[in-house]
Amino acid sequence: MHAAKTPKLPKDPDRTREDILRVATEAFSRDGLAGARVDDIAELTQTSKRMIYYYFEGKEGLYRAVLDRCYDDIRTREADAHRDDLEPEAALANLVRVKFDYHHDHPDFIRLVMVENINKGEHIASLPEPRMRGKLALAQLNTILNRGIETGVFRRGLNALDVHTMISALCFYNVSNRWTVKHILDVDMCDPLEITRRREVVVDAVLCFVRTA
């Protein structure tokens, strides 16, 4: 039996890999792992199925790479070193706005998270990097909260995980439920004015939760 031939690599392999991940993100967020087809991804990226298998060792490997890339992207946006220069309330408000805007601008990420939760986190559980970045994000949030507690603007007893999940839930809902809200409540959550208003509602809700009485 002959060994599989190594495909001829493109002139810009990094760009090709990024194109594959971009298209695969759309495919997996729309159709899930089971429904997305490697042949379609290859066609849309003008590459070959064999090339995708060379880079990612199969469809599941490609799916895990997409998850890893998405979580790396949002954590990179959150990790703003200049936030340390802000007062605690301003730093927390800035973090909330960054997360809100990221969720709004990346509906594919929201759908991928929903797919993973439907499947009980089967694939994210095997990825060490998102877990490491998640712990770092909690540590950064905890630093903001502790600064606020020390200066007397935030109440004692705050748990970084509670605040993190509250922020994520409020930001997530604006994307995950935008269509049901539109058709049931006649509110277009994609309208620029509504986005601005909702962003500040989320900021106010989080600040009210952490402030001293």
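Start in helix α7 and select Ala137, which has its place there. The model on screen is predicted.

**Stop 1: Ala137**

Colour Ala137 by accessibility. Its relative accessibility is 10%, so Ala137 counts as buried; the cut-off for buried is under 20%. Now show its contacts. Leaving out residues up to four places away in sequence, Ala137 touches Arg75 and Glu78. Keep both partners displayed. For a sense of scale, add Ile41. Ala137 and Ile41 are 96 residues apart in sequence. From C-alpha to C-alpha, the two are 32 Å apart in space.

**Stop 2: Arg133**

Stay in α7, which covers residues 128-150, and select Arg133. Is Arg133 buried or exposed? Arg133 counts as buried, because its relative accessibility is 13%. Expand the selection to its contacts. With neighbours within four places in sequence set aside, Arg133 is in contact with Asp68, Tyr71, Asp72 and Arg75. Which of these side chains makes a polar contact with the side chain of Arg133? It is Asp68, at 3.4 Å. Draw that distance in the viewer. Then add Arg30, which is 103 residues from Arg133 along the chain. The C-alpha atoms of Arg133 and Arg30 are separated by 25 Å.

**Stop 3: helix α4**

Select residues 59-78, which form helix α4. Arg75, a partner of Ala137 and of Arg133, is buried in α4. How far does α4 reach from its first C-alpha to its last? The helix has 20 residues and spans 29 Å, close to the 28 Å expected at 1.5 Å a residue. Now mark its buried positions. They are Gly61, Leu62, Tyr63, Ala65, Val66, Leu67, Cys70, Tyr71, Ile74, Arg75 and Glu78. Look down the helix axis as you do this. An α-helix has 3.6 residues a turn, so residues three or four places apart point the same way.

**Stop 4: His164**

Keep Arg75 on display and move to helix α8, where His164 is found. His164 counts as buried, because its relative accessibility is 18%. Among residues beyond four places in sequence, the contacts of His164 are Arg75, Lys99, Leu138 and Leu141. Lys99 takes you to the next stop, since Lys99 lies in α5.

**Stop 5: α5 against α8**

Select residues 88-105 for α5 and residues 160-176 for α8. Two packed helices are described by the angle between their axes and the distance between the axes. Here the angle is about 35 degrees, and the axes are 9 Å apart. The crossing of α5 past α8 is right-handed.

Show the side chains where the two helices meet.

- From α5, pick Leu92, Val96, Lys99, Phe100, His103 and His104.
- From α8, pick His164, Ile167, Ser168, Cys171, Phe172, Asn174 and Val175.

Colour this set by residue type. You will find 7 nonpolar, 5 polar and 1 charged.

**Stop 6: Arg199**

Leave Phe100 selected and go to helix α10, residues 192-210, to find Arg199. Arg199 counts as buried, because its relative accessibility is 16%. Which residues does Arg199 contact, once neighbours within four places in sequence are left aside? They are Arg97, Phe100 and Asp101. Zoom in on Asp101. Its side chain makes a polar contact with the side chain of Arg199, at 2.8 Å.

**Stop 7: two loop residues**

Switch to the backbone and select Lys120, in the loop between α6 (107-118) and α7. Its phi is near 60 degrees, a positive value in a residue other than glycine. Lys120 is exposed, because its relative accessible area is 80%; exposed means over 50%.

Then select Asp186, in the loop between α9 (178-185) and α10. The phi of Asp186 is also positive, near 60 degrees. Asp186 has a relative accessible area of 69%, so it is exposed.

**Last stop: the whole chain**

Zoom out and switch to cartoon. How many helices and strands are there in the chain? There are 10 helices and 0 strands. Along the sequence, the pattern reads α-α-α-α-α-α-α-α-α-α. Along the principal axes, the C-alpha atoms fill a box of roughly 75 × 40 × 30 Å. Colour by accessibility again: buried residues make up 40% of the 213 residues. Finish with a contact map. Of the contacts with a separation of 6 or more, 72% join residues 24 or more positions apart.

Technical notes. Residues numbered from 1 in each chain as written. Predicted model: local features only at pLDDT ≥ 70, side-chain atom pairs only at ≥ 80, totals over all residues. Heavy atoms only, no water. Axes fitted to C-alpha atoms, helices over the stretch in contact; angles between N-to-C directions. Helix = DSSP H or I, 4+ residues; strand = E, 2+ residues; numbered from the N terminus. Left-handed = near helix turned anticlockwise from the far one by under 90°. Contact = heavy atoms within 4.5 Å. Nonpolar A, V, L, I, M, F, W, Y, C, P; charged D, E, K, R; others polar. Buried < 20%, exposed > 50% of the residue type's maximum accessible area, 1.4 Å probe, protein only. Polar contact = N/O pair within 3.5 Å; in protein donor to acceptor, adjacent residues only side chain to side chain. Expected span 1.5 Å × (residues − 1).
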